[in-house]
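Work through the exercises below with the sequence and the 3D structure at hand. Try each task before reading its solution.

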Amino acid sequence: MHVNLIPTTLEEAKRRGWEALDVILVTGDAYVDHPSFGVAVVARFLESLGLRVGVIAAPDLGNPADFLKLGAPSMFFGVTSGNLDSMIMRHTAQKKPRSDDAYAEGGLSGKRPPRATIAYCNRVRELFPGAKIIIGGLEASLRRFAHYDYWSDKVRRSILPDSKADMLVYGMAERPLGEIVEGLMSGKTLKEMTSIRGTAVMAGAGAEGISGRDVIELPSFESAHADKLEYSRASRVIHMNQNPWSAKTLVQKHGERFLKVNPPAGPFSTKELDAVYDLPFTRVPHPSHKEKIPAYEMIRHSITAIRGCFGGCAFCALTVHQGKTIQSRSEESILREVDSVKKMKDFAGYISDIGGPTANMYGMKCGDQKAEAVCRRESCVHPNVCKNLVTSHKPQLEMLKKARSVKGVKKVFVASGVRYDLANLSPEYIKELAAHHVSGQLKVAPEHSNPETLAVMRKPGIEEFERFSKLFLDASKKAGLEQYIVPYFISAHPGCGIEEQVGLAIYLKEKSIRPRQVQDFIPAPLTLAGDIYYSGVDPLTGKKVYAARGDRERRFQRALLQYFKPENADDVRAALKMAGREDLIGYGGNKLVGYERKNSPKRPATAERTARKFPKGKKK
């Protein structure tokens with residue numbers, strides 16, 4: 001075993017001279033000591049504060065020994081479902097069980113329990129009655145308020161009272177955890193630390209800080225559960241209250257108690273972010289894992305350059321979790337990590353990605369600090385690019401050029417999503433991207449072609465995608481490279497009915513685009529699109545929005561994205577009939593699908609077909 005790995009057993013802890021641990025992290029993922037895995041980052045950060053940290057990875061709920069093997073921590077248990085929401089990891093958009101789990105050993109689904117954060121907390125509480133528990137990670141972050149849960153099709157309480165944890169940390173955890181640890185070391189208890197930014201706690205009716213000028217009370221869980229318009233009203237306040245410089249404390253009554261969600265933690269400076277990624281990650285899975293971990297295989301030679309995303313796409317959880325402010329590492333820190341990757345035994349000269357939530361937001365920021373301090377926009381680029389946004393691609397171009405010039409590095413790829421409306425502002429970036437940083441195929445996500453649907457998504461118009469595609473393909477040709485755009489599209493997103501999806505299918509045929517993979521919309525908790533799906537109202541505009549809720553229409557919308565597949569023919573025909581577009585059934589021209597065999601017109605006789613194919617005067 002690598003001596004520097006975070007311990008997963010007491011025997012491993014003793015090899016580091018520890019008889020007991022201060023913090024034990026419980027996660028639904030396999031344990032990989034790589035900076036792309038949230039638990040690894042939190043473990044290394046807590047270790048840097050002088051704490052003795054252990055990890056319990058993917059424990060079996062039915063086996064108490066999995067939870068007991070590290071003993072009881074002196075400070076707290078930190079519990080998370082893993083890198084993603086456990087319900088999304090376990091179930092498809094059709095609510096069917098998934099067969100795979102990219103963050104599990106062997107890639108097999110089933111070991112991670114449903115609502116894993118709650119399940120793990122219940123087990124820890126049962127085995128360690130007096131222990132303190134702090135929950136965090138994406139699942140806790142997205143479910144911190146009363147929220148719509150797609151899998152039960154109802155509004156659930158905040159995950160904090162359901163898990164019976166002492167505190168919830170949301171967003172990126174380092175800053176609030178640093179304050180919590182400092183408080184505990186100074187003799188405070190978790191009950192006394194109720195106002196730390198980036199945390200949520202439960203409080204009684206008379207508790208300090210649940211009323212006042214800097215506090216907004218949301219509609220209660222009970223009213224949000226009973227009334228969709230009240231739910232939408234709560235959603236509006238939550239989504240308009242993400243700016244860490246101007247956000248207020250939000251409280252929401254749950255029964256006789258109040259959920260108190262403090263304002264978001266402030267973003268990291270470049271120096272602070274560098275310090276996190278300079279921590280001594282071994283970049284390998286724990287040796288107790290004998291089988292491959294698919295997510296690790298994908299990112300083992302990748303490097304995170306930024307945190308945050310100001311895109312504000314309605315279906316995406318990135319902005320509400322990592323924040324809107326782009327936090328960029330320095331060139332020096334990134335190049336140090338390139339050197340670390342070079343030293344890995346299996347490194348063959350290829351950096352698989354230098355990016356983040358959105359690859360080409362590196363170094364971008366608001367150019368007006370006064371405006372940023374009071375900004376209430378969900379997105380800096382929708383419905384148009386904000387005049388205060390600094391959109392220069394020069395910092396990323398310079399960083400990538402230095403990274404690919406490092407001795408021993410053959411190529412540096414950009415595999416993170418590229419925001420093409422921003423890229424269109426920099427032809428030089430597209431030229432460099434095409435010439436040096438693509439492996440032959442570049443994935444981008446136009447998502448749809450219909451303007452109204454794209455407006456609900458908070459995505460740019462399809463003309464931006466078309467412009468980018470032309471610039472990229474022209475740049476590839478000039479570089480002497482045969483490269484392709486691989487576009488991604490979503491089916492059944494709010495704002496898209498069967499007519500809009502038929503329109504998208506027609507667009508795809510006209511442009512000769514045949515999507516190999518499509519994404520079925522999943523209403524994730526706390527996303528704007530998830531709240532629109534449930535309430536039928538856009539919380540930010542107050543306008544009613546159509547959402548396909550029935551399994552039948554959702555299936556039809558998916559089939560239309562791949563109308564060309566024979567196995568989709570019946571659903572495509574049914575979808576076209578539903579839309580009143582039987583004119584698109586048939587052969588040739590703009591037709592999307594052929595007739596049903598039993599209803600297909602009788603084919604012409606052989607001589608007649610020959611005459612059609614070879615008109616009079618033309619030789620066979």
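The exercises that follow concern a predicted model.

**Exercise 1. Cysteines**

Task: Find how many disulfides the structure holds, and explain why Cys386 does not form one with Cys366.

Solution. Step 1: a disulfide requires two cysteine sulfur atoms within 2.5 Å. Step 2: for Cys386, the closest cysteine sulfur belongs to Cys366, at 6.1 Å, which is too far for a bond. Step 3: a search of the whole structure gives zero disulfides.

**Exercise 2. A parallel sheet**

Task: Give the strand order of the sheet that contains S20, S21 and S22, and name its edge strands.

Solution. Step 1: the three strands form an open sheet, ordered S20-S21-S22, with parallel pairing. Step 2: strand S20 (441–447) and strand S22 (519–520) each pair on one side only, and these are the edge strands. Step 3: S20 pairs with strand S21 (residues 484–491) over five bridges, in the parallel sense. Step 4: to locate the pairing in the model, find Gln441, which stands opposite Tyr484 in S21.

**Exercise 3. The place of His91**

Task: Decide whether His91 is buried or exposed, and list its contacts beyond four places in sequence.

Solution. Step 1: His91 is in the loop between helix H4 (86–90) and helix H5 (116–127). Step 2: buried means under 20% relative accessible area. His91 has 16%, so the residue is buried. Step 3: with neighbours within four places left aside, His91 is in contact with Lys96, Pro97, Arg98 and Trp151.

**Exercise 4. Rings around Tyr534**

Task: Classify the ring pairs that Tyr534 forms with Tyr148 and with Tyr231.

Solution. Step 1: there are 15 aromatic pairs in the structure. Step 2: Tyr148 and Tyr534 have 4.7 Å from centre to centre and 20° between the planes, and this pair is stacked. Tyr148 belongs to strand S5 (residues 147–149) and Tyr534 to helix H22 (residues 528–535), 386 residues apart. Step 3: the ring centres of Tyr231 and Tyr534 are 5.1 Å apart with the planes at 75°, so this pair is edge-to-face. Because Tyr231 lies in helix H10 (residues 228–239) and Tyr534 in helix H22, the pair ties together parts 303 residues apart in sequence. Step 4: check burial. Tyr231 has 5% relative accessibility and therefore counts as buried; Tyr534, at 9%, also counts as buried. Step 5: ring pairs join these residues into a cluster whose members include Tyr148, Tyr231, Tyr534 and Trp151.

**Exercise 5. Charges over rings**

Task: Which rings lie under Lys95 and Arg144?

Solution. Step 1: the charged end of Lys95 sits over the ring of Tyr150, 4.6 Å from its centre. Step 2: Arg144 lies over the face of Tyr170, 3.9 Å from the ring centre.

Note on methods:
Residues are numbered from 1 along each chain as its sequence is written. This is a predicted model: local features need pLDDT of at least 70, side-chain atom pairs count only at pLDDT 80 or more; totals for chains, interfaces and linings use all residues. Side-chain values use heavy atoms; hydrogens and water are left out. Two strands pair if DSSP finds at least two bridges between them. Helices (H or I, at least four residues) and strands (E, at least two) are DSSP runs, numbered from the N terminus. Buried means under 20% relative accessible area, exposed over 50%, partly exposed in between (1.4 Å probe, protein chains only). Contact means heavy atoms within 4.5 Å. Rings of Phe, Tyr and Trp (its six-membered ring) pair if their centres lie within 6.5 Å; planes under 30 degrees apart count as stacked, over 60 as edge-to-face and the rest as tilted. A charge sits over a ring if NZ of Lys or CZ of Arg is within 6 Å of the ring centre and within 35 degrees of the ring normal.
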